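Open the model in your viewer and keep the selection tool ready. Each stop below says what to select and what is there.

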Amino acid sequence: MKKFRDLKIAKKLVISFSLILLFTTSIGLFSIWQLHRVNASANELATNWLPSIKTLGEIKLLLARLRSNEAQLIVYAGDHVQAKKLTGRTLDILNDLKTALNTYEGQISEPEEKDVYPEASLRIKRLLQHHAAFMAALADGRLDLASTIFAGESSDIYFSLLKDVDTLANVNRRGGDQSAADTNRIYGESQTLICVALLTVLLIGGGSR
């Protein structure tokens with residue numbers, strides 16, 4: 001430090017400004033890199049985890065609405081007007097369910113999702129097969145058969161599907177939580193390192209006097 005103080009003012013200014021320029025450039029580059037990391041975590045949260053959770057929520061709701069409509073169709077089997085209305089709603093639910101499933105299949109990204117979804121997809125196909133048999137029984141006026149189908153294997157498949165959807169949603173929730181934690185960690189690290197760098201620049205500036 002004594003050697004630096006003994007230097008001519010011009011040399012001290014050159015060295016100090018060179019160091020300040022170096023640190024300022026480093027801070028700028030570091031900040032840009034950290035912003036890139038924060039943006040990547042935020043994008044992953046916004047484009048991967050949250051949309052998947054939303055779609056899975058829609059699938060779960062549509063499955064519940066399908067079962068609810070089936071139950072109502074049994075109750076209103078003798079009311080042709082209400083049964084026709086419920087049948088129309090059921091067709092809308094099936095179309096919406098197909099759309100939601102296609103959307104989610106495009107959102108699958110994690111190994112655990114790829115392990116769980118094929119089995120869930122098979123269950124959905126079996127559930128829809130039971131639904132078709134249920135609707136055919138109602139159309140034939142076989143209410144007892146329709147009730148048996150509703151309370152039989154299709155019921156077990158439905159509750160298994162709810163567990164599958166919850167498992168898939170939890171995978172995405174954990175991913176979202178990790179992305180949020182990464183973002184907070186990167187922000188904290190950046191704040192600390194930038195403050196240290198700025199303090200260093202101030203010390204260099206003060207030492208050049």
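A residue counts as buried when its relative accessible area is under 20%. This is a predicted model, so keep that in mind throughout the tour.

**Stop 1: serine 154.** Select serine 154, in helix H6, which spans residues 153–207. Is serine 154 buried or exposed? Its relative accessibility is 3%, so serine 154 is buried. Now show the side chain of arginine 67: a polar contact of 3.2 Å links it to the side chain of serine 154. Leaving aside residues up to four places away in sequence, serine 154 touches Arg67, Leu127, His130 and Ile149.

**Stop 2: helix H5.** Ile149 also appears among the buried residues of helix H5 (residues 143–151), together with Ala146 and Phe150. Look down the axis of H5: these buried residues fall within an arc of 100°, so they line one face of the helix. Turn to the other side of H5 and select Asp144, Thr148 and Ala151, which are exposed.

**Stop 3: the salt bridges.** The structure holds 5 salt bridges. Three stops follow.

Start with lysine 54 and glutamate 58, whose closest N and O atoms are 2.7 Å apart. Both are in helix H2, 4 residues apart, so about one helical turn separates them. Lysine 54 is exposed, at 56% relative accessibility. Glutamate 58 is partly exposed, with 32%.

Next, select lysine 60 and aspartate 166. Their salt bridge has its closest N and O atoms 2.8 Å apart. Lysine 60 is in helix H2 and aspartate 166 in helix H6, so the pair ties together parts 106 residues apart in sequence. Lysine 60 is partly exposed, with a relative accessible area of 31%. Aspartate 166 is partly exposed too, at 31%.

Then go to aspartate 164 and arginine 123, joined by a salt bridge of 2.5 Å, N to O. Here aspartate 164 belongs to helix H6 and arginine 123 to helix H4 (residues 111–139), so the pair ties together parts 41 residues apart in sequence. Both aspartate 164 and arginine 123 are buried.

**Stop 4: lysine 163.** Stay in helix H6 and select lysine 163. Lysine 163 is exposed, with a relative accessible area of 61%. Draw a distance from its C-alpha atom to that of lysine 60: the two are separated by 9.8 Å, though 103 residues apart along the chain.

**Stop 5: a nonpolar patch.** Finish on the surface with Ile15, Leu19 and Leu22, which make a nonpolar patch of about 240 Å². Leucine 22 lies in helix H2, residues 9–75.

Terms used
Residues are numbered from 1 along each chain as its sequence is written. This is a predicted model: local features need pLDDT of at least 70, side-chain atom pairs count only at pLDDT 80 or more; totals for chains, interfaces and linings use all residues. Side-chain values use heavy atoms; hydrogens and water are left out. Helices (H or I, at least four residues) and strands (E, at least two) are DSSP runs, numbered from the N terminus. Buried means under 20% relative accessible area, exposed over 50%, partly exposed in between (1.4 Å probe, protein chains only). A polar contact is a pair of N or O atoms within 3.5 Å; within protein, one must be able to donate a hydrogen and the other to accept it, and residues adjacent in sequence count only if both atoms are side-chain atoms. Contact means heavy atoms within 4.5 Å. Patches are made of residues with over 30% relative accessible area and no salt bridge: like charges are joined within 9 Å, nonpolar side chains (Val, Leu, Ile, Met, Phe, Trp, Tyr) within 5 Å. Accessible areas come from the Shrake-Rupley method with a 1.4 Å probe; for residues, only the protein chains shown count as cover. A salt bridge is a side-chain nitrogen of Lys or Arg within 4 Å of a carboxyl oxygen of Asp or Glu. The arc is that of the directions from the helix axis to the C-beta atoms.
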